[in-house]
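Q: Hi! I have a small protein to look over at the bench, could you go through it with me?
A: Happy to, just ask away.

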Amino acid sequence: MLTVNLEYGIGNTGTTESCVTLGSYEEAREFAHKALDEILEAVKAGEEADNGIIRIWDDESKGALINDLWIWEALK
């Protein structure tokens with residue numbers, strides 16, 4: 001299972017944050033892509049994006065971010 005955390009601000013709507021755990025890589029990818037598409041459509045329509053962050057981690061990694069896992073594996 002993967003957890004996807006999104007934090008971003010669009011125009012005057014304030015900050016949006018969500019954290020969702022999904023059962024597969026495909027579901028996590030679809031969720032993150034859909035969110036990114038929605039943000040980019042708002043920007044295309046003239047809204048101002050502020051500080052967008054997407055974090056993804058594997059729940060079996062005990063909370064480590066996927067990038068941190070890759071670096072740790074590379075150092076072995």
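Q: Let's start with E7: how exposed is it?
A: E7 is partly exposed, with a relative accessible area of 23%. Here, buried means under 20% relative accessible area, exposed means over 50%, and partly exposed lies in between, using a 1.4 Å probe and protein chains only.

Q: Before I go on, what sort of model is this, and how were the values worked out?
A: This is a predicted model, where local features need pLDDT of at least 70 and side-chain atom pairs count only at pLDDT 80 or more, while totals for chains, interfaces and linings use all residues. Residues are numbered from 1 along each chain as its sequence is written, and side-chain values use heavy atoms, leaving out hydrogens and water.

Q: Good to know. Which residue does E7 meet in a salt bridge?
A: The side chain of E7 meets that of R55, at 2.6 Å from N to O. The pair links distant parts of the chain, with E7 in strand β1 and R55 in strand β3 (residues 49-58), 48 residues apart. A salt bridge here is a side-chain nitrogen of Lys or Arg within 4 Å of a carboxyl oxygen of Asp or Glu.

Q: How exposed is R55, and how many salt bridges does the structure hold?
A: R55 is partly exposed, at a relative accessible area of 30%. The structure holds 1 salt bridge. Side chains of opposite charge can pair when their charged atoms come close.

Q: Let's zoom out. What order do the elements run in?
A: From the N terminus on they go β-β-α-β-α, which comes to 2 helices and 3 strands. Those are DSSP runs numbered from the N terminus: helices are H or I with at least four residues, and strands are E with at least two.

Q: How do the strands fit together?
A: β1 is joined to β2 (residues 15-22) by 8 bridges, and the two run antiparallel. Another 8 bridges join β1 to β3, also antiparallel. Strands count as paired if DSSP finds at least two bridges between them.

Q: Can you give me some partners to click on?
A: Sure. T3 stands opposite T21 in β2, E7 has E17 as its bridge partner in β2, and N5 is partnered with R55 in β3. In the hairpin of β1 and β2, which has 4 residues between the strands, G11 takes a positive phi near 50°.

Q: Is β1 enclosed or open?
A: Largely enclosed by the rest of the structure, because 8 of its 9 residues are buried. For the whole protein, buried residues make up 22% of the 76.

Q: What's in the largest nonpolar core?
A: It has 11 residues: L2, V4, L6, Y8, I10, L22, A28, A32, A35, I39 and A42. The elements giving two or more residues to this core are β1 (2-10) and α1 (25-44). A core here is a set of buried Ala, Val, Leu, Ile, Met, Phe, Trp, Tyr and Cys residues joined through side-chain atoms within 4.5 Å.

Q: Pick one of those. What does V4 touch?
A: Leaving aside residues up to four places away in sequence, V4 touches S18, C19, V20, L22, A28, F31, A32, I54, R55 and I56. Contact means heavy atoms within 4.5 Å.

Q: Switching to β2, what about T16 and T21?
A: T16 lies in β2 and counts as partly exposed, at 32% relative accessibility. It touches L6, E7 and Y8, not counting residues up to four places away in sequence. T21 is also in β2 and is partly exposed, with a relative accessible area of 43%. With that same sequence cut-off, T21 touches M1, L2, T3 and D59.

Q: Last one: which parts have the lowest and highest mean pLDDT?
A: Among the elements, helix α2 (residues 66-75) has the lowest mean pLDDT, 50, and α1 the highest, 89. The protein's mean is 78, with 79% of residues reaching 70 or more. pLDDT is the predictor's confidence in each residue, from 0 to 100. Where it is low, the predicted coordinates should not be read in detail.
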